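Here is a short dialogue on reading a sheet and its cavities.

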Amino acid sequence: MPLSHLVAVFLICLGSTSINQAQPLDQPTITRLTDAALPAALAQLTDFLAIPNDGNYPEQVEANLTWCRKTFTDMGYTVTRLETPGMPLLFAERQIDPDLPTVLFYLQIDGQPVDTSAWDQPDPYRVVYKRREVDGSFTTTTAPAAPPYDPDLRLFARSASDSKGPAVAFMTALDILNAEGIEPAYNVKVIMDFQEELGSNDLPGAVAANRDLFAADFLVIMDGTRHVSNEPTLTFGARGIATVTLQVYGPRDALHSGQYGNFAPNPVFAAARLIAAMKDEQGRVLIPGFYNGVELSEADKREMNKVPETREEIRFMVGVAEQEALGDTYQEALQYPSLNVRGLRAGWVGKEVRTLIPEAVTVEIDMRLVPETPGERQVALLRQFIVDRDWHLTEGEPTEEERLTYPKLISFTSSLGSVPFRTDLDTPIDHWLTAAVTRALGKEPVRMRTTGGSQPMGPFVNLLGLPAVSLRIPNPDNSIHAPNENLRLGNFREGVMECVGVLTTEIVK
C-alpha cells in the first residue's frame with residue numbers, strides 16, 4: 001500500500017477531517033497531522049534504508065532509483081529519468097498552477113561506504129533503535145510501537161541522517177498533503193542525486209542540458225546537519241572544495257636507517273618543513289594571496305554572530321585548548337578558505353614499524369573554498385608556493401636524471417570538487433523559509449550564512465541563478481560519514497513538520 005494511503009488511514013483513525021487548503025495550516029494542525037503520519041513514515045524510512053546506496057555501484061544506484069521512482073509516481077508526480085555519462089539522476093514534478101512560483105527541492109539519496117566491522121550492529125543498512133544512557137553510551141532497544149515516541153530515541157543506519165532521513169521527511173510531508181486534499185502552495189520540482197558523496201560529477205552537465213526542466217524560483221536543499229544547538233536551522237551557503245596530492249620523494253628505495261642515516265636525507269623531514277611553512281602557529285595560511293577577496297563588513301559580522309554559540313562552547317565540543325586565530329568567532333572563521341592536511345603516509349608504524357628511511361611521503365590536502373576564492377586560483381597559489389620554495393615538480397615518479405640533479409623532488413596533482421555558493425540573508429527566500437519554519441515549529445530557525453562543508457549546488461546557483469538554502473533536519477551528533485550514523489526521532493518529527501510548513505507557505509516576492 002502506498003504511504004499516502006497509510007497516512008490517510010492513520011488520519012481517519014484519529015478523526016481527522018479534510019482541511020480547507022485556502023487556509024494556512026497552524027502549528028497545532030501541523031503537529032497533529034505529523035504525529036498521525038509518523039508510524040507509516042518510520043516504516044517507509046526503514047524500508048528505504050534497507051537498500052544499500054554506495055554510489056560506486058550501479059546496481060545499488062538502480063535499486064534506489066527504482067524505489068524513488070515508484071514513491072513519487074504513487075504520489076501523482078511526473079517522473080523523468082535523466083541519463084548522464086555516468087550514473088542517472090531522477091527528476092519529479094507536479095505543476096499546481098503555471099502562474100504560481102516554482103520551488104526545486106534537492107534530495108541526496110546515496111551514502112558513504114560502510115565498514116560493517118566498525119558498526120555496533122550486524123548490518124548498517126538494517127535499522128536498529130537505541131537510547132542514550134547517562135554515561136553517553138547507547139543501548140539497543142525495541143522499535144517504538146506507537147506514538148507518542150520518545151524524541152531522544154535514535155534510529156541507527158547508514159544514511160539515516162545523510163540524507164535518506166531528510167528525504168523521507170519531505171516525502172512524508174507530500175503524502176500528508178495528498179491525504180488531506182491540500183495542494184502545495186506552489187509548483188514542486190524534485191531532483192534526486194545518487195552520487196553526491198562522490199562529488200556529483202554528472203550534475204553540472206545534466207543541469208546545463210535541461211535548463212527548462214530545472215527552471216525554478218528557489219532551490220531548497222534537503223541535506224545537512226543542524227547547528228550544534230540542535231535548533232531548527234537554515235543555512236544560506238556552503239564552502240566548495242579542492243584537493244591536492246603531494247608526493248615528496250627521497251632515495252630511490254627505502255634504506256636501512258643504520259647504514260644510511262646521516263647520509264641519505266629522509267623525505268619526512270622535508271615534507272614536514274614544507275607543511276609547516278604553509279601555516280603559522282596561530283593557524284593562518286601563509287600562502288601569498290590565499291585570503292584575497294574575503295572581506296567581512298561589520299554588518300556581516302553582526303548578522304552571522306546572531307547564531308547562538310560561543311567560541312568556548314565550540315572548543316569544548318571538539319576538545320581543543322585553543323582555536324585557530326582566523327576570525328573572532330566560529331561563524332566568522334567559516335567565511336574564509338581553509339587549508340587542511342587530511343592524510344599523511346610514510347614508512348610503517350605500530351607492529352609493522354621498521355628501521356628504514358622511507359623512499360617517499362604522500363601528503364593529502366583539502367582546501368575549502370568560499371565564493372571569493374575559486375578552486376583554480378587556490379590550487380595555483382599552492383603550486384606556486386611550493387615552486388617558490390625551490391621544489392622541483394616532477395610528472396609522477398622522478399627520472400634518474402632528476403633524482404641526481406634536484407635535492408627537493410615533489411609531484412603535484414589536484415582535483416576540483418563542489419564550487420562554493422552563498423545566498424544573501426534578508427531576501428525573499430529567507431523571508432519565506434523563516435516564516436514557514438517558524439509557523440511549523442513555533443520558533444524561529446537559526447540562520448547560518450554558510451556551512452563549513454560542501455554541497456554540489458554550483459550548477460543550480462551559477463548556471464540557473466537560483467537562490468539556494470539548506471533546510472537542515474538531523475541532530476548535530478549524528479556520526480554522518482562514520483560508523484554508527486544515527487537520526488534522533490525528535491529531529492525526524494520536527495523535520496516532517498518543517499516540510500509541511502514549507503510546502504503550505506505561500507511565496508511572496
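The turns below treat a sheet, then the cavities.

Q: What kind of model is this, and how are residues numbered?
A: This is a predicted model, in which local features need pLDDT of at least 70, side-chain atom pairs count only at pLDDT 80 or more, and totals for chains, interfaces and linings use all residues. Residues are numbered from 1 along each chain as its sequence is written, and side-chain values use heavy atoms, with hydrogens and water left out.

Q: In what order do the strands of the open sheet lie?
A: Strands of a sheet pair through backbone hydrogen bonds, either parallel or antiparallel. Strands here are DSSP runs (E, at least two residues; helices are H or I, at least four), numbered from the N terminus, and two strands pair if DSSP finds at least two bridges between them. The order is S13-S15-S11-S17-S16, with mixed pairing. Strands S13 (338–345) and S16 (392–394) are at the edges with a single partner strand each, so one side of each has no neighbour in the sheet.

Q: How many bridges join S11 to S15?
A: There are 10 bridges between S11 (residues 240–249) and S15 (residues 360–369), which run antiparallel. Ile241 stands opposite Arg368 in S15.

Q: How many cavities of 30 Å³ or more are there?
A: On a 1 Å grid over the protein atoms alone, a cavity is a set of points where a 1.4 Å probe fits but cannot get out; lining residues have an atom within 4 Å of a point. Volume is the space filled by probe spheres set on the points, which are joined across faces, edges and corners. The count is 2. The largest cavity holds about 60 Å³, and its lining includes Met87 and Phe194. The second largest has about 40 Å³.

How values were computed
1 Å grid on protein atoms, 1.4 Å probe; cavity = no way out; pocket = protein on both sides within 12 Å on 5 of 7 lines; lining within 4 Å.
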